[in-house]
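Q: I would like a close look at one small part of this protein and what surrounds it. Could you walk me through it slowly?

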Amino acid sequence: MSQKLIPDTKAPALSLGLVGGGTWTLADQTPKNFSMVIFYRGLHCPVCKMYLTKLNGLIDMAAEAGVNVVAVSMDPEDRATQTKTDWELGNIDLAYGATADDVRNWGLYLSTAFKDAEIPQFAEPGLFWVRPDGRLYLIDISNMPWSRPDVEFLLSKVQFAMDNGYPARGTTA
């Protein structure tokens with residue numbers, strides 16, 4: 001069962017292989033403002049393709065806002081590599097091999113395949129901003145492929161949040 005994450009608390013651990021080599025580990029990230037962790041459904045998802053293609057074109061905006069970006073799926077390395085190549089995601093770090101436990105720890109919904117193109121189990125979308133000290137700032141999850149935040153709009157708000165010391169919201173029990 002997934003857990004409900006609380007803003008302004010420590011983000012769950014995450015360490016995964018990256019397409020092209022190396023490992024992406026949340027605890028090792030040193031963004032100026034935030035690490036943006038985006039969970040996507042996988043190679044089978046045309047909505048993910050549109051979303052990540054748009055994000056690929058916004059990486060300079062993210063960097064200017066002091067935001068490091070990684071996109072994460074439960075796909076194995078070969079499917080993640082195909083995703084990066086076929087979708088032309090040269091600007092995005094693509095992490096692969098998230099487990100069902102990883103997905104549950106991040107409070108995401110899990111789905112079971114009903115089409116041949118899908119892997120047996122995959123995460124539904126989620127987007128998180130994690131502060132440099134590892135605390136969650138923004139949490140957005142969905143149980144459907146079509147419901148996702150506008151990344152360009154979100155990135156346009158980073159400077160406002162930083163300039164105004166805008167706190168993480170939703171922390172009241």
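Where is the place of N91?

A: Happily! N91 sits in the loop between α3 (77-86) and β5 (93-96); helices (H or I, at least four residues) and strands (E, at least two) are DSSP runs, numbered from the N terminus. Please keep in mind that this is a predicted model, where local features need pLDDT of at least 70, side-chain atom pairs count only at pLDDT 80 or more, and totals for chains, interfaces and linings use all residues. Residues are numbered from 1 along each chain as its sequence is written, and side-chain values use heavy atoms, with hydrogens and water left out.

Is N91 hidden or open? Its relative accessibility is 47%, so N91 counts as partly exposed (buried is under 20% relative accessible area, exposed over 50%, partly exposed in between, with a 1.4 Å probe and protein chains only). Apart from neighbours within four places in sequence, N91 is in contact with N56 and I59, contact being heavy atoms within 4.5 Å. L58 is 33 residues from N91 along the sequence, and their C-alpha atoms lie 8.9 Å apart in space.

Now step back to α3, the helix before this loop. Its buried residues include R79, A80, T83 and K84. They cover an arc of only 140° around the axis, which puts them on the same side of α3; the arc is that of the directions from the helix axis to the C-beta atoms. Turn to the face pointing away from that buried side, and you find the exposed residues D78 and T85. The cover over the buried residues of α3 includes β5. So both elements that flank the loop of N91 come into this picture. Just after α3, E88 takes a positive phi of about 55°.

For a wider view, look at the aromatic rings. There are eight aromatic pairs, counting rings of Phe, Tyr and Trp (its six-membered ring) with centres within 6.5 Å; planes under 30 degrees apart are stacked, over 60 edge-to-face and the rest tilted. The rings of F39 and W106 have centres 5.7 Å apart and planes at 50°, so this pair is tilted. It links distant parts of the chain, with F39 in strand β3 and W106 in the loop between α4 (100-105) and β6 (110-112), 67 residues apart. Both F39 and W106 are buried. One aromatic cluster is formed by F34, W129 and Y137.
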